[in-house]
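User: Please take a close look at the largest pocket in this model. I would like to know what lines it and how the rest of the chain is built around that.

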Amino acid sequence: YLSFSFNMLRSVILVVLVAIFAIVLRHYIQGGFQQKDGTAMGVAKIRHYEALHKDPSKRLYYDPYAQHMYPGSFIQTWLGENKTRRIYDFVFKGVLEVLTTRTKWLDEEIHKAIRYNNAQQMVILGAGYDTRGFRLDLPADFIVIEVDQPDVQALKRQKLQKIFAMKDKQVASRMNTENQTNGGIVSFLTIDFNQDDIGEKLLEMNLLRLAKGTIIVLEGVTQYLPKSSTATTLAQLRKILPAQSILLVSYVPQDIFENPAKCGPKNNIKKLLKGAEATGEPWISGWTEDGFKFFLGELGYEVLSDTTISDLNELYLKPLNRHLDESDVLSVERYVVAVIKDSL
């Protein structure tokens, strides 16, 4: 009888521990313990995942700083690539592929804009824990301005200072802590997208070279903003930047709200939307393909390409034998390259 009771107690304790671990793991993956930068941490975890591939040829890119952008990164490092991927697939299959191919796509488009469009500066809107200004191979005189809300940017600068203290030469040489004209290539601008005029704020910094080609990055942001705020921000940038500057922007298809079955397994789409809402950053805006093209056109931007996640799955993951079956692809974002038109 005592043996039976002990075994029962041990089983109950084991079940409770597993349940607690599952809850903690879920929050860890979703960034639920720190809502101010929960989304930024979630993306950083995926970028850190790419570094876990022991074979560099299996990586889409390498971000040595992502692991410093969220607490508990040692867990992924300890688990390794295979176990980490299995956990992501168990919690939410397809999300890893969305975020990591988006990162790869943007990296490549930035390099193309520099090489073929002679872009000499970049403005990253809603930068979060983006580290492109530090990890990409950029020209020595290139300028990067990271724009974000004050709370998230303050947290990021603290993390960068810790990397700086570790004597990382790349961060030390590129971080422009005082936003000086002769400082490092990466500078910071705090802003409220719903209230501030980003054009005026950028001009006040006196860092942008207004006649030079510019890359505007708006990654994973438009779904969180009212369409009017996105329109206002892009219109303000259109006023101060030269024609043929490049816009790299992601947007959410309207189907995710009206016909989620078109975007992937219906329950997964619902889970995604509820998860975003739980972090305090609900998705509120989406467009059709033609609708987004018209939206940008009215603001003075010409769409050059509109890419799907299925496209990126084939382009980036299939050659590495890391691709998803089409039925597992979450078609929850699209990616656009556009240019500022010569005239409205």
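Analyst: The pocket comes before the chain as a whole, and one helix closes the account.

The model is predicted. Its largest pocket holds about 710 Å³ of space. The lining is made up of 36 residues, and those closest to the centre of the pocket are Gly126, Asp148, Gln149, Tyr224 and Glu281. By residue class, the lining of the largest pocket divides into 16 nonpolar, 10 polar and 10 charged residues. Three elements, α2 (38-51), β1 (121-125) and α6 (150-165), each contribute at least two residues to this lining. The biggest share comes from α2, which supplies 6 residues.

As for the chain, 13 helices and 7 strands are found in it. It has 344 residues, and 52% of them count as buried. When contacts between residues at least 6 apart in sequence are considered, 77% join residues at least 24 apart. The accessible surface of the protein chain is about 16,800 Å², and carbon and sulfur atoms account for 55% of that area.

Helix α13, residues 309-317, gives a local example of burial: Ile309, Ser310, Leu312, Asn313, Tyr316 and Leu317 are buried there. These residues lie on the same side of α13, because they cover an arc of only 160° around the axis. The buried residues of α13 pack against the helix α4 (95-116) and against two strands, β6 (301-308) and β7 (334-340).

Definitions and conventions
Residues are numbered from 1 along each chain as its sequence is written. This is a predicted model: local features need pLDDT of at least 70, side-chain atom pairs count only at pLDDT 80 or more; totals for chains, interfaces and linings use all residues. Side-chain values use heavy atoms; hydrogens and water are left out. Buried means under 20% relative accessible area, exposed over 50%, partly exposed in between (1.4 Å probe, protein chains only). Helices (H or I, at least four residues) and strands (E, at least two) are DSSP runs, numbered from the N terminus. The arc is that of the directions from the helix axis to the C-beta atoms. Contact means heavy atoms within 4.5 Å. On a 1 Å grid over the protein atoms alone, a cavity is a set of points where a 1.4 Å probe fits but cannot get out, and a pocket is an open set with protein on both sides within 12 Å along at least five of seven lines; lining residues have an atom within 4 Å of a point. Grid points are joined across faces, edges and corners, and a volume is the space filled by probe spheres set on the points. Ala, Val, Leu, Ile, Met, Phe, Trp, Tyr, Cys and Pro count as nonpolar, Asp, Glu, Lys and Arg as charged, and the others, Gly among them, as polar. Accessible areas come from the Shrake-Rupley method with a 1.4 Å probe; for residues, only the protein chains shown count as cover.
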